[in-house]
Amino acid sequence: MAIVEVKVPQLSESVAEATLMQWKKKPGEAVAIDEILIEIETDKVVLEVPAPAAGVLSAHVVAGGGTVTSDQVIAQIDTEGKAGAAAAPAAAAPAAAAPAAAASADKSGVAMPAAAKLMADNGLSNVAGTGKDGRITKGDVINALEKPAAVTASVAAPVAVPAAPAVAKPLPAVAAPVSMNLGDRPEQRVPMSRLRARVAERLLQSQSTNAILTTFNEVNMAPVMEMRKKFQEKFEKEHGVKLGFMSFFVKAAVAALKKFPVLNASVDGNDIVYHGYFDIGIAVGSPRGLVVPIIRNADQLSFAEIEKTIASFGQKAKDGKLSMEELSGGTFSISNGGTFGSMLSTPIINPPQSAILGVHATKDRAVVENGQVVVRPINYLAMSYDHRIIDGREAVLGLVTMKEALEDPARLLFDI
C-alpha cells in the first residue's frame, strides 16, 4: 500500500482557517490525478483541491464541513488500491495518533456546542455522531431532523456538552438549512457562509471606524451614450468585447483621484498613506455574496482592457473562480447599484480605503438648461468618504471632476 496525503492548499496570510465543502468522492472510490476532490471556502474565495495522484480514496481525514488550516492533511489516497475495496474509517487518523484512540473512545456521543443546542431545542437524543471520536456535529442533528423516524425523542435524556472553546468558530457554510414547521408561518434558519460573515464583519468595521459622509451630484449621461452608440459596433469588432458604461466610470474616477490624491489614500494608525497607483475595486454580485475584484493600475489601461477585465471578473464571480490575488488590495471602489435599478444609495466604504463611488440607474428626467426645461438621461452619483482625512472640499470637487469627465468624455482621451 502506497499512501499519498491530500493537503489543504497554502492560504494567504490574512486567512487563518477555511471550511471544507462537501466531498465529491467517497472512501473506496477511484480517483484520477488532478480530479477535484473537494472545494474549500475561505472568507474571500473558494479553492479547489485536486487529487495529487491517481488511485483509490482510502480515507477522509476531515469530514465535510470541518474547519481546516494551511497544509493540513484532509484525505488519503492509496495509489495501489482497487475501487470498491473496504474503505478506511471516514476520520482515519495517521498511524502516529493510534495510541490516543483508546483515550478518546469515551468521547463518542458527546455533542458539540451548536449541535447540543439544536438537540435541546428539538428534544432529540441518541443522535449518531460522525465527527472526530464519534462526536455529534450540527450536521448530524440536521440529518436527524430530516429523518425523524430514525431518532428517538426524549426530553429527559441529558446531553453531554463540553466546555465552550475560548474562541467560537464560524458555522460551516455547507450546513443544510433548518426548516421550522410553524403552520402557515414557516421559517428557515441558514448559517452564514464564510464570505457572508466576512462581508458583515467588514461593513460593521467600516461604519464603526470611519467617519462616513456622502456627497451627491447628477450627471447628464447623453454625451457618453452618444459616444458609446457611435463606436459600439467598431469597438466590439476590433476588441471582441462590448463597450459598456463602467469603463467610463473607472476612467472618470481615476481622473478625480489624480487631481485629489487624498481620495486614493488610506489611514494607517495616525498616518495617511498616499498611494501612487490606482487599483480600482469593482463590486460584483455572486452566488456566494458580494465580492470586490481589483482592476490593477487602472490608469494605465485602455477602455478595451478595462472592459475585458470587468467581463472576466463577472464570469469568474459567477463560477466562483476568483483568486485571492484578484480580491486583495484596492485603493478606491465603485459600486454599480444601477444594474439592479437603484436610483440612489449611500455606499459603505470598503476598508482600508477611504472613498467609494456609487453609480445608479440612468433615467430620463426633466432638468433645466439655459432657462428651459428639457429631458436628459440623468444618473445620480454618490461618493461616500472618510471625513477623518477627506474634507468636504476635496470630496465635492472630486465628484465634480467625475461629473465633468462624464459630461465631456473627450477629456478622458486627453487626460484633462
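**Entry 1: a four-stranded sheet**

I began with an open sheet of four strands, ordered β5-β4-β2-β7 and paired in the antiparallel sense. The edges are held by β5 (46-50) and β7, each with a single partner strand, so one side of each is left without a neighbour in the sheet. I note here that the model is a predicted one.

Inside this sheet I looked up the pairing of β2 (residues 18-20) with β4 (residues 36-41). I found two bridges between these strands, which run antiparallel. For Leu20 I looked up the bridge partner in β4, and that partner is Ile40.

**Entry 2: another four-stranded sheet**

I then turned to the strands β1, β8, β6 and β3, which in that order form an open sheet with antiparallel pairing. Here β1 (3-7) and β3 (30-31) stand at the edges, and each has a single partner strand, so one side of each is left without a neighbour in the sheet.

For β3 I checked the link to β6 (residues 55-60) and found two bridges, with the strands running antiparallel. Which residue of β6 stands opposite Val31? I noted Gly55.

**Entry 3: Asp71**

I looked at backbone angles next. Asp71 is not a glycine, yet its phi is positive, at about 65°. I placed Asp71 in the loop that runs between β7 (67-68) and β8 (73-78). The strand β7 belongs to the sheet β5-β4-β2-β7 of my first entry, and β8 to the sheet β1-β8-β6-β3 of my second.

**Entry 4: the partners of β21**

I listed pairings of strand β21 (residues 372-386), beginning with β11 (residues 212-220). These two strands pair in the antiparallel sense over nine bridges. Within this pairing, I found Thr215 opposite Met383 in β21.

How many bridges join β20 (residues 363-369) to β21? I counted seven, and these strands also run antiparallel. Lys363 stands opposite Ile378 of β21. The hairpin of β20 and β21 has two residues between the strands, and in this hairpin Asn370 takes a positive phi near 55°.

β19 was the next partner I looked up, and it pairs with β21 in the antiparallel sense over four bridges. Here Leu357 stands opposite Met383 in β21. I had already met Met383 opposite Thr215.

**Entry 5: a cis peptide bond**

I looked up the bond between Pro351 and Pro352 and found a cis peptide bond with omega of about 5°. Where does Pro352 lie? I placed Pro352 in the loop between β18 (332-336) and β19 (355-359). The strand that follows this loop, β19, is the one I had paired with β21 over four bridges.

**Entry 6: the cavity**

I searched for cavities of 30 Å³ or more, and the structure holds one. About 80 Å³ of space lies in the largest cavity. I counted 12 residues in the lining of the largest cavity, and those nearest its centre are Arg288, Val291, Ala317, Gly320 and Leu322. I sorted the lining by class and got six nonpolar, two polar and four charged residues.

Why do I place the largest cavity between domain 1 (3-78) and domain 2 (200-413)? Both domains give residues to the lining of the largest cavity, so it lies between them.

**Entry 7: aromatic rings**

I closed with the rings. A search of the whole structure for aromatic pairs gave me one. I also checked Phe245 and found Arg228 over the face of the ring, at 4.5 Å from the ring centre.

Conventions. Residues numbered from 1 in each chain as written. Predicted model: local features only at pLDDT ≥ 70, side-chain atom pairs only at ≥ 80, totals over all residues. Heavy atoms only, no water. 1 Å grid on protein atoms, 1.4 Å probe; cavity = no way out; pocket = protein on both sides within 12 Å on 5 of 7 lines; lining within 4 Å. Points joined across faces, edges and corners; volume = space filled by probe spheres on them. Nonpolar A, V, L, I, M, F, W, Y, C, P; charged D, E, K, R; others polar. Domains from an automatic or database assignment. Phe/Tyr/Trp six-rings, centres within 6.5 Å; stacked < 30°, edge-to-face > 60°. Lys NZ or Arg CZ within 6 Å of the ring centre and 35° of its normal. Pairing = 2+ DSSP bridges.
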